[in-house]
Every structure is written in structure tokens, then in C-alpha cells.
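User: I am new to this structure and would like to learn how to read it step by step. Could we begin with the ligand and then turn to the sheet?

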Amino acid sequence: MNISHIEHIGIAVKDLQASIAYYENILGLKCYAIEEVPDQKVKTAFFMVGQTKIELLESTDPEGAVGKFIEKKGEGVHHIAYAVNDVASALEEVESKSVQLIDKQARKGAEGLNIAFLHPKSTGGVLTELCEDPKKK
Ligand code: CMX
């Protein structure tokens, strides 16, 4: 599927503003964007680290994926996202290798990326996201 790099690491947090303060004041990173993604029931904050981003995820709905995750496991690493050229063909490839898909086709995620998730039950316990930047196609 030709992964070029880790696009971002998603981290579930209870309080976005408090977590931004930690990343800025302690780690010295700069939050360059805050975006709500209603479809995913999250509010996100982004930091650039080399060519990889840290995406903080605050739940906007206890029934959403991040709300349920926080309730069950607390704050922490939620998913790893890999950058690929073409999400559709990557999904086709992994499905042919018996990986369970959460998304059968790409949908729009934060920052206008086309994204799709693979189920942690078939990826060694790591919720895995594939991302394609339509601007780079
Ligand atoms: N990482 C690893 N395992 C996870 C997980 C995660 N982030 N979230 C849930 N799981 C595990 C649970 O621990 C549970 O395992 P057990 O059966 O052993 O207890 C299993 O998956 C099922 O979990 P659940 O709490 O019953 O939750 P759901 O089945 O309702 O949903 C999942 C799990 C992964 C399918 C769902 O969270 C999902 O569809 N995620 C994709 C979308 C998403 O995460 N959006 C938020 C981020 C959006 C963004 O980046 O913009």
C-alpha cells in the first residue's frame, strides 16, 4: 500500500485546553489548528512534529468512539494514522488479506483528508487509520 510516513498519532484527552497547555508549555510544541469534526464526535487540536502530527481528541458525545474509549480506558494513545497514496486501493488490499475494515470506503476526516479505519481486533490491538491527502493526488 506504499505507506510514506506516520501521518498522525491520535491521543484521547478529557480536556482539550488543559492538554494543549501541556503540549505547548512542557513539550514546547505549537498548536496550529483546532477543528471540530461532528461526524466523528470529536474536537481536535493539531501539533506538527517533523512530518508527523499529534492529534489531540476531545469527545463531544459520550456515545462517540472517543467518548466510549475514555470511559473504558481513560486518556491515552487512541490510534495511529499512516499516510498512503490511495486509501481505496489500500482498503482493497488489506481486505483481501482478511483484515476487518471499520470503513469500507474513505470518508472525510479532519484537515480535509480522506480517511478510513481498520478494526483493532485484526491489527494487533492498535486502532489503525489510513489517510490520503487529496491535495497531493
Ligand atoms: N484502540 C484499541 N482497541 C480499541 C479502541 C482503540 N482506540 N477502541 C476500542 N477498542 C477495543 C475495545 O477495548 C474493545 O475490546 P474488548 O472487546 O476486548 O473489550 C473492542 O475494541 C470494542 O470496543 P467497544 O468499546 O465496544 O467500542 P465499539 O465497538 O463501539 O467501537 C471501534 C470500537 C474501534 C470500532 C470504534 O471506536 C471506531 O469505529 N473507531 C473508528 C472511528 C474513530 O475512532 N473516530 C475517532 C477519531 C476520529 C479522528 O481522528 O478524527
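Analyst: Let us start with polar contacts, keeping in mind that this is a predicted model. A polar side-chain atom of Lys68 lies 2.6 Å from an oxygen atom of the ligand, and polar side-chain atoms of Lys121 and Lys72 lie 2.7 Å and 3.2 Å from a ligand oxygen atom. The protein covers 73% of the 970 Å² of accessible area that the ligand has on its own.

User: Where does the ligand sit, and which elements give two or more residues to the shell around it?

Analyst: The ligand sits in the largest pocket, and the elements that contribute two or more residues to its shell are strand E4 (52–59), helix H2 (65–73) and strand E5 (76–83). The largest share, six residues, comes from H2. By class, the shell has eight nonpolar, five polar and six charged residues.

User: How should I read the sheet, and in what order do its strands run?

Analyst: As a general idea, strands of a sheet pair through backbone hydrogen bonds, either parallel or antiparallel. Here eight strands form an open sheet with mixed pairing, in the order E2-E3-E4-E1-E5-E8-E7-E6. Strand E2 (31–37) and strand E6 (107–108) stand at the edges with a single partner strand each, so one side of each has no neighbour in the sheet.

User: Which residue in E4 is the bridge partner of Gly10?

Analyst: That partner is Glu55, and strand E1 (residues 5–13) pairs with E4 in the parallel sense over six bridges. Glu55 also leads back to the ligand, since among the 19 residues around it Glu55 is one of those that come nearest, together with Gln40, Lys68, His78 and Lys121.

Conventions:
Residues are numbered from 1 along each chain as its sequence is written. This is a predicted model: local features need pLDDT of at least 70, side-chain atom pairs count only at pLDDT 80 or more; totals for chains, interfaces and linings use all residues. Side-chain values use heavy atoms; hydrogens and water are left out. A residue is near a molecule or strand if one of its heavy atoms lies within 4 Å of it. A polar contact is a pair of N or O atoms within 3.5 Å; within protein, one must be able to donate a hydrogen and the other to accept it, and residues adjacent in sequence count only if both atoms are side-chain atoms. Accessible areas come from the Shrake-Rupley method with a 1.4 Å probe; for residues, only the protein chains shown count as cover. On a 1 Å grid over the protein atoms alone, a cavity is a set of points where a 1.4 Å probe fits but cannot get out, and a pocket is an open set with protein on both sides within 12 Å along at least five of seven lines; lining residues have an atom within 4 Å of a point. A molecule sits in a cavity or pocket if more than half of its atoms lie within 2 Å of its grid points. Helices (H or I, at least four residues) and strands (E, at least two) are DSSP runs, numbered from the N terminus. Ala, Val, Leu, Ile, Met, Phe, Trp, Tyr, Cys and Pro count as nonpolar, Asp, Glu, Lys and Arg as charged, and the others, Gly among them, as polar. Two strands pair if DSSP finds at least two bridges between them.
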